[in-house]
Amino acid sequence: MTLFFDDPHFWNVMYNTLFYVGLSVPFGVGAAFIIANMLNSRIVARSFFRSVIYVPSIVPAVASAMVWQFLMNVQYGAINGVLRYFGLPIIPFLSNPGWAKPSLILVAIWAQGAAVVIFLAALQDVPRSLYEAATVDGANLWHRFRNVTIPLTSPIILFNLIMGLIVAFQEFTVPWLLTEGGPMNSTEFYLIHLYRNAFEYLRMGKASALAWILFLIIVVFSLIIFKTSARWVYYGGEK
């Protein structure tokens with residue numbers, strides 16, 4: 001109870017974490033699914049684009065953070081340099097409390113290469129005959145995507161959703177290197193708060209309690225997704 005009511009930062013940390021998870025996970029999975037569908041079509045240099053999309057998944061998190069820090073820096077960042085060149089106002093990606101969380105969400109969406117590869121593998125297993133039959137019945141591209149692609153890959157969507165949820169709740173390295181929880185504690189995520197209590201304030205008991213609470217939070221959210229998945233996940237063996 002002390003943790004919930006006497007810690008002045010706990011509920012702000014929870015808000016920051018839920019905001020990050022609530023946007024980065026669905027947008028990340030959705031972006032990965034759309035990109036996988038695009039890369040599954042017959043486009044020029046498809047193998048090259050597949051390799052490029054997967055690169056963020058194999059680049060160390062520290063290296064990724066350093067690259068994004070260069071891109072988003074207010075003074076010498078590449079993005080703001082381009083904006084300044086065209087006479088547009090600069091964007092304080094990491095130095096403004098209103099921009100910091102969306103900027104980290106953008107980085108999380110960028111690093112969806114592994115999910116794209118998993119989706120690509122699932123899309124390869126969708127029978128082409130179903131698309132052909134839908135086309136004969138008059139289905140357009142959207143109808144084929146909605147009634148064939150999504151149902152037959154829904155178990156993989158569920159898998160990536162659960163994995164993304166677990167990873168997002170435990171996000172630490174990139175936010176810590178880019179913002180260290182700032183500005184004004186706007187990116188003080190759960191694991192950063194846990195790290196501070198354990199290794200800066202040396203409150204190991206509180207840090208252990210935070211770790212157990214995080215475990216329970218992940219379990220609860222995972223169970224909720226599993227319970228609701230029966231409404232939208234289709235398994236080929238079911239009748």
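This passage walks through the fold of the protein, its cores and a few telling residues.

The structure described here is a predicted model. Its secondary structure consists of twelve helices and zero strands, so read from the N terminus the order of elements is simply α-α-α-α-α-α-α-α-α-α-α-α. Taken along the principal axes, the C-alpha atoms fill a box of roughly 65 × 50 × 25 Å. The protein has 239 residues, and 38% of them count as buried. How far along the chain do contacts reach? Among contacts between residues at least 6 apart in sequence, 67% join residues at least 24 apart.

With the overall fold in view, the interior comes next. The largest nonpolar core holds 46 residues, and the members that touch the most others are Y20, V21, F119, F169, L178 and Y190. Two or more residues each are given to this core by helix 2, helix 4, helix 6 (97–110), helix 7 (113–124), helix 9 (141–169), helix 10 (173–178), helix 11 (190–200) and helix 12 (204–229). Which helix supplies the largest share of this core? That is helix 2, with eleven residues. L178 shows what such a core member meets in space: leaving aside neighbours within four places in sequence, L178 is in contact with A65, W68, Q69, L94, L104 and V107. There is also a second, separate core of five residues, among them V126, Y131, A134 and V148.

Helix 2 deserves a closer look through two of its residues. S24 lies in this helix, which spans residues 10–39. Is S24 buried or exposed? Its relative accessibility is 4%, and because buried means under 20%, S24 counts as buried. The side chain of S24 reaches the backbone oxygen of Y20 at 2.6 Å, and Y20 is itself one of the core residues that touch the most other members. Beyond the neighbours within four places in sequence, S24 is in contact with I105, A108, I109 and A168. I34 is also placed in helix 2, but with 48% relative accessibility it counts as partly exposed. The C-alpha atoms of I34 and G87 are separated by 33 Å, and the two residues are 53 apart along the chain.

A pair with a similar kind of description, P56 and W110, gives another picture. P56 sits in helix 3 (residues 46–58) and, at 10% relative accessibility, counts as buried. P56 and W110 are 54 residues apart in sequence, yet their C-alpha atoms are 7.4 Å apart in space. Not counting residues up to four places away in sequence, P56 touches W110 and A111.

Q112 is found in the loop between helix 6 and helix 7. Although placed in a loop, Q112 counts as buried, with 19% relative accessibility; the cut-off for buried is under 20%. The side chain of Q112 reaches the backbone oxygen of A108 at 3.1 Å, and A108 also appears among the contacts of S24. Setting aside residues up to four places away in sequence, Q112 touches G28, V29, A32 and S57.

The packing of one helix pair can be followed in steps. Two packed helices are described by the angle between their axes and the distance between the axes. For helix 4 (residues 61–72) and helix 5 (residues 78–85), the axes come within 4 Å and cross at roughly 20°. Angles under 35 degrees count as roughly parallel, and helix 4 and helix 5 are therefore roughly parallel to each other. Helix 4 contributes F70, L71 and M72 to the contact, while helix 5 contributes A78, I79 and N80. By class, this contact has five nonpolar residues, one polar residue and no charged residues.

Finally, the loop between helix 10 and helix 11 has several notable features of the backbone. What joins G182 and P183? A cis peptide bond does, with omega at about -10°, and P183 is found in this loop. E180 lies in the loop between helix 10 and helix 11 as well; it is not a glycine, but has a positive phi of about 55°. With 49% relative accessibility, E180 counts as partly exposed. M184, also in the loop between helix 10 and helix 11, likewise has a positive phi of about 55° without being a glycine. At 74% relative accessibility, M184 counts as exposed, because exposed means over 50%.

Terms used. Residues are numbered from 1 along each chain as its sequence is written. This is a predicted model: local features need pLDDT of at least 70, side-chain atom pairs count only at pLDDT 80 or more; totals for chains, interfaces and linings use all residues. Side-chain values use heavy atoms; hydrogens and water are left out. Buried means under 20% relative accessible area, exposed over 50%, partly exposed in between (1.4 Å probe, protein chains only). A polar contact is a pair of N or O atoms within 3.5 Å; within protein, one must be able to donate a hydrogen and the other to accept it, and residues adjacent in sequence count only if both atoms are side-chain atoms. Contact means heavy atoms within 4.5 Å. Axes are lines fitted to C-alpha atoms, for helices over the stretch in contact, and angles run from 0 to 180 degrees between N-to-C directions. Angles under 35 degrees count as roughly parallel, over 145 as roughly antiparallel, 65 to 115 as roughly perpendicular and the rest as oblique. Ala, Val, Leu, Ile, Met, Phe, Trp, Tyr, Cys and Pro count as nonpolar, Asp, Glu, Lys and Arg as charged, and the others, Gly among them, as polar. A nonpolar core is a set of buried Ala, Val, Leu, Ile, Met, Phe, Trp, Tyr and Cys residues joined through side-chain atoms within 4.5 Å.
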